[in-house]
Each structure stands twice: as structure tokens, then as C-alpha cells.
Amino acid sequence: MNAGFVKTVALAASVMLIAGCFAMKDKGAVPMTIQGFSSPESVVMTEDCKRIFVSNMGVELAPSAKDHDGFITEISHDGMILNRKYLPKEGRLNSPKGMAIIKDTLYVTDVDRVVGFDIKTQAQVFELDLSVEKSGFLNDLEVFNEHTLFLSASDVGKVYMISLGQDAVSTSYKLIAEGIKGPNGLYYDKKADKLYVVGFGDGTEAQGELGVIEYKDGKHGYQSLTKPLGFLDGLARFDDDNLIFSDWVSFDKPGLLRVFNLKTGELSTRSLSEEVRGPADFLYVRKHGMMWMPKMMEGKVLVSEVK
């Protein structure tokens with residue numbers, strides 16, 4: 001590892017792998033902060049829990065710039081940077097954001113396209129150009145099944161469904177929702193067959209909300225679940241009854257975590273071990289109550305228990 005990218009870790013308990021996944025031996029352990037990123041946006045883990053990846057938008061926080069300075073980092077469970085620029089091995093990434101993994105392929109949004117890489121060989125194996133949709137801010141990805149992805153396009157207020165083929169010719173996509181204020185983080189509830197969405201607003205006013213997309217009567221429909229709340233970003237299942245999502249609150253102040261009860265509609269807040277400026281598309285490991293949170297404005301990833 002390059003010595004210039006220092007790992008700041010203070011653990012009161014060891015981190016170990018159990019059946020391919022990690023567990024904190026002491027839930028009261030001091031968390032860890034991993035340094036060395038360039039505007040980290042998203043964290044994703046393989047299904048077997050063995051590998052973790054972080055997307056980096058680049059030195060300049062320019063989410064729609066085609067500046068060729070984006071990359072994806074692989075990190076270890078104990079916070080080591082294994083390979084700062086693991087992807088792409090060849091070619092380019094501009095401003096990679098949301099990621100999703102299906103089998104051995106890591107898919108990532110990149111301004112106006114979706115790119116796929118084989119995480120074993122590092123080869124690029126997929127590319128879908130969506131520039132015709134006039135979006136320069138393709139944002140999050142979520143898995144529907146092994147042949148289908150959901151995609152949010154924040155700047156045009158739309159959510160798409162991508163049917164993955166063997167190549168660009170056999171791949172197709174369709175619009176399933178529009179008119180959403182800056183759709184950002186996505187979470188698909190397979191059991192309920194519902195796609196939850198949080199919005200970032202228009203980027204100037206904190207008007208993002210939590211909503212849901214359902215397929216009824218032969219078509220998809222969007223419904224708001226909350227009033228406008230803030231600049232909302234990451235979204236995940238917190239427990240059986242609740243969703244958890246991040247809110248930037250302001251561009252010059254620390255953000256927060258919000259929890260929404262799906263049964264009662266009640267909203268509450270949670271916290272991490274330290275304040276986060278730019279709480280982006282986090283990874284939440286529900287089994288252990290641990291969150292891997294990109295601190296986008298600081299070039300760090302915080303690993304902490306949710307309190």
C-alpha cells in the first residue's frame with residue numbers, strides 16, 4: 001500500500017471473518033476511519049461478504065464532469081486499502097457513483113452511462129450509453145434480479161429499469177417513474193416487491209423525500225411517503241420495520257441519519273460515532289449493525305456502529 005494513503009484505525013476489539021463475513025467482537029469498540037479516497041461516493045460488498053469496493057468521483061467534486069479521474073478502490077474488512085485504483089485496469093471512469101454487484105460483475109454509474117467490470121479479471125465487460133436520456137447525473141443502482149437493475153437519474157427526476165443482455169445490443173431499459181425531486185438512493189424490497197427511493201431535491205433546496213415505486217394494474221407508480229426532508233442520499237433496510245437513509249442537511253454542515261418506520265410512518269434520527277460531512281451512499285451490514293459511510297467532503301470512509 002502506498003504510504004501516502006494512511007489508514008487511521010483505533011479498534012478496541014479485533015475484526016475477524018466469520019463464514020465469509022465480518023463481525024465486531026465488541027460492539028462498543030472505537031470505530032475506524034479510512035483515509036486516502038478522492039470524493040468517495042458509494043460502498044458496496046460482494047454477496048459472500050469477502051470483498052468491499054469504494055467508488056471515487058475524483059479529486060474535484062464535479063459529479064457530472066467527464067474528466068477521466070474517477071476510479072474504484074478495493075479495501076479490506078480491517079480498513080486496509082488493498083488497491084486504491086483497482087478499477088478500471090484499462091480505459092477510464094469519469095465520476096463513478098452508485099454500484100451494484102451481480103455474480104462477478106460490478107456495475108457502476110458514470111455520468112451518462114453504466115459500466116460493468118469483472119471483479120476477478122478487472123476487465124470491462126459491459127457498457128450502456130444513456131446519453132440520449134439527457135442526464136449527466138446517473139446516480140444509484142439497485143439489483144432487482146440477476147438479469148435486471150434499477151437506476152436513478154437525479155438531474156432529470158427519473159428512475160429506470162435495465163434488462164441486462166450479453167452486450168449493448170441485447171440490453172434494454174425502460175422508464176418506470178418520473179417527476180421525482182432528484183431521485184438518489186434506491187432500495188428494493190424483494191418480499192414486498194417495492195422499490196424505495198430517496199431524493200436529493202434539485203441540489204439547491206432541501207426538498208428531497210422518501211417515496212416508493214410499485215407495480216400495479218400493469219404499470220409502475222410512484223408515491224411519496226414523507227414530506228420534503230432534505231438532501232437525501234444513501235438508503236438501506238435498517239431492520240424488519242424500518243428504512244434508514246442519509247441526509248446531507250447542508251453543504252457546509254454535518255449530515256445525519258434518518259429512520260422511517262414502514263408500519264407507522266414515524267420518522268426518527270440515528271447517529272454514528274462522529275459527524276459526517278457529505279454522508280453519501282453507505283453500506284449497512286444489518287447483521288452486525290455496522291455502517292460503512294463515505295465522508296465525501298473529507299475523502300474518507302467511516303466504519304461505525306449506528307446508535
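Analyst: A residue is called buried when its relative accessible area is under 20%, and exposed when that value is over 50%. Please keep in mind as we go that the model in front of you is predicted.

User: How many residues of strand β19 are buried?

Analyst: Strand β19 covers residues 210–216, and five of its seven residues are buried, so the strand is largely enclosed by the rest of the structure. For the chain as a whole, 54% of the 307 residues count as buried.

User: What kinds of secondary structure does the chain have, helices or strands?

Analyst: The chain has 27 strands and zero helices. When you look at strands, it helps to know that in a regular strand the side chains alternate between the two faces of the sheet.

User: Which radius of gyration would a compact globule with 307 residues have, and which does the chain have?

Analyst: The idea is to set the value of the chain beside the value expected for a compact globule: with 307 residues that would be near 19 Å, and because the chain has 18 Å, the two agree. Taken along the principal axes, the C-alpha atoms fill a box of roughly 55 × 45 × 40 Å. The chain exposes about 13500 Å², and carbon and sulfur atoms supply 48% of that area. If you take the contacts with a separation of 6 or more, residues 24 or more positions apart account for 45% of them.

User: In which order do the strands from β5 to β8 stand in their sheet?

Analyst: To read a sheet, follow it from strand to strand and note the direction of each pair. Here four strands form an open sheet in the order β5-β6-β7-β8, with antiparallel pairing. Its edge strands are β5 (40–45) and β8 (81–87), each of which pairs on one side only. Neighbouring strands of this sheet are turned by 25 degrees against each other on average, with direction ignored. Within the sheet, five bridges join β6 (residues 52–56) to β7 (residues 71–75), and the bridge partner of F53 in β7 is E74.

User: Which strands stand at the edges of the sheet β13-β14-β15-β16?

Analyst: That sheet is also open, with four strands in the order β13-β14-β15-β16 and antiparallel pairing. The edges are β13 (138–145) and β16 (172–178); each has a single partner strand, so one side of each is left without a neighbour in the sheet. The twist averages 25 degrees from one strand to the next. Six bridges join β15 (residues 158–163) to β16, and among the pairs M161 has K174 as its bridge partner in β16.

User: How many bridges join β19 to β18, and how many join β19 to β20?

Analyst: Five bridges join β18 to β19, and these strands run antiparallel; in this pair, K194 has E214 as its bridge partner in β19. On to β20 (residues 219–224), six bridges join β19 to this strand, again in antiparallel fashion, and G211 stands opposite S224 in β20.

User: Is L195 buried or exposed?

Analyst: L195 has a relative accessible area of 3%, so L195 counts as buried. Its place is in strand β18 (residues 194–199). Contacts give a further view: leaving aside neighbours within four places in sequence, L195 touches several residues, including E142, F150, V159, I176, G211, V212 and I213. By comparison, the C-alpha atoms of L195 and F71, which are 124 residues apart along the chain, are separated by 28 Å.

User: Where does D217 lie, and is D217 buried or exposed?

Analyst: Backbone angles can draw attention to particular positions. D217 lies in the loop between β19 and β20, a hairpin with two residues between the strands. D217 has a positive phi of about 50 degrees although it is not a glycine. With a relative accessible area of 80%, D217 is exposed. Another such case is K134, which has a positive phi of about 60 degrees without being a glycine. K134 lies in the loop between β12 (124–129) and β13, and because its relative accessibility is 69%, K134 counts as exposed.

User: Is the peptide bond from L87 to P88 cis or trans?

Analyst: Here the angle to read is omega. The bond from L87 to P88 is cis, with omega near 0 degrees, and P88 has its place in the loop between β8 and β9 (96–102).

Methods: Residues are numbered from 1 along each chain as its sequence is written. This is a predicted model: local features need pLDDT of at least 70, side-chain atom pairs count only at pLDDT 80 or more; totals for chains, interfaces and linings use all residues. Side-chain values use heavy atoms; hydrogens and water are left out. Two strands pair if DSSP finds at least two bridges between them. Axes are lines fitted to C-alpha atoms, for helices over the stretch in contact, and angles run from 0 to 180 degrees between N-to-C directions. Buried means under 20% relative accessible area, exposed over 50%, partly exposed in between (1.4 Å probe, protein chains only). Contact means heavy atoms within 4.5 Å. The radius of gyration is taken over C-alpha atoms; the globule rule is 2.2 Å times the number of residues to the power 0.38. Accessible areas come from the Shrake-Rupley method with a 1.4 Å probe; for residues, only the protein chains shown count as cover.
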